[in-house]
Amino acid sequence: MTKTADRMLRLMDRAVTEWQIPIIGKDKGRVLRRLLLEHKPRRGIEVGSLIGYSAILIGANMAPGGHLTCIEENPFLAWITQSNTDRAGLKGRVKVMQGDALRVLPLLRGPVDLLFVDANKEDYLDYLRAVEPRLVKGALVVADNTGIFRRQVKGYLDRVRTAPWESREYDFGSDCMEASIFRGQPT
């Protein structure tokens, strides 16, 4: 991770504590960073960006030459995310698209080896289904807020906890994050 990206994340940590903005934060960020360094994704998609905290974390920790496409429905938040990722030194590495993810995801092309989901909880399974045909074997899929929104994401969890998936829940006390590895073709 670059010093610029690290500084930006520290600044955002302070700001969101004061303003009560729900970002993944330091604890989940450490786990996500470890997963990124272990799996070394190069072609990622983030669904739901808010102010760009996770986009900076992911973009800065992808394999060399990696690229992250973020989808944010809110036009102002999409602009904020692009501005924050650019300031973090990730211009050209992180691209933000504004729109409804269920409409944007089918328009994206090429293989995907990382999917980070943190948007409308009821749509997690639909986001996965939209990207699943393009996932490469060994792709990393991470879903945030799977603890406090367990009922809303039940279909998603049922899907990633069966073959061709290997999945693990990370419990952070007040919430959880699900990290899953795609092990083959969708059933």
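This passage describes the sheet of a predicted model and the helices α3 and α4.

The sheet is open and holds 7 strands. Their order is β3-β2-β1-β4-β5-β7-β6, and the pairing is mixed. Strands β3 and β6 lie at the edges, each pairing on one side only. Strand β6 spans residues 165-171. From one strand to the next, the twist averages 15 degrees.

Both senses of pairing can be illustrated. Strands of a sheet pair through backbone hydrogen bonds, in either a parallel or an antiparallel sense. The parallel sense is seen between β2, residues 67-72, and β3, residues 94-98. This pair is joined over 5 bridges. Residue E72 has Q98 of β3 as its bridge partner. Between β2 and β3 the chain passes through helix α4, which covers residues 75-90. The resulting β-α-β crossover is right-handed.

The antiparallel sense is seen between β5 and β7. Strand β5 runs over residues 135-144 and strand β7 over residues 176-182. Here too the pairing extends over 5 bridges. Within this pair, L140 stands opposite I181 of β7.

Helix α4 packs on the sheet, where it touches β2 and β3. The direction of α4 makes about 175 degrees with that of β3. Residue I80 belongs to this helix. The relative accessibility of I80 is 18%, so the residue counts as buried, the cut-off being under 20%. Residue G52 is 28 residues from I80 along the chain. The C-alpha atoms of I80 and G52 are nevertheless separated by 7.3 Å.

Helix α4 also meets helix α3, which comprises residues 53-61. The axes of the two helices come within 9 Å. They cross at roughly 35 degrees, and the crossing of α3 and α4 is right-handed. On the α3 side, the contact is made by A55, I56, G59 and A60. On the α4 side, T81, N84, T85, A88 and L90 take part. By class, the residues of this contact divide into 5 nonpolar and 4 polar, with no charged residue.

Helix α4 thus recurs in several parts of this description. The helix links β2 to β3 in the right-handed crossover. It packs on the sheet against these two strands, and its T81, N84, T85, A88 and L90 contribute to the contact with α3.

Definitions and conventions. Residues are numbered from 1 along each chain as its sequence is written. This is a predicted model: local features need pLDDT of at least 70, side-chain atom pairs count only at pLDDT 80 or more; totals for chains, interfaces and linings use all residues. Side-chain values use heavy atoms; hydrogens and water are left out. Two strands pair if DSSP finds at least two bridges between them. Helices (H or I, at least four residues) and strands (E, at least two) are DSSP runs, numbered from the N terminus. A crossover is right-handed if, with the strands pointing away from the viewer, the path from the first strand over the helix to the second runs clockwise. Axes are lines fitted to C-alpha atoms, for helices over the stretch in contact, and angles run from 0 to 180 degrees between N-to-C directions. Contact means heavy atoms within 4.5 Å. Buried means under 20% relative accessible area, exposed over 50%, partly exposed in between (1.4 Å probe, protein chains only). A crossing is left-handed if the near helix is turned anticlockwise from the far one by less than a right angle, and right-handed if clockwise. Ala, Val, Leu, Ile, Met, Phe, Trp, Tyr, Cys and Pro count as nonpolar, Asp, Glu, Lys and Arg as charged, and the others, Gly among them, as polar.
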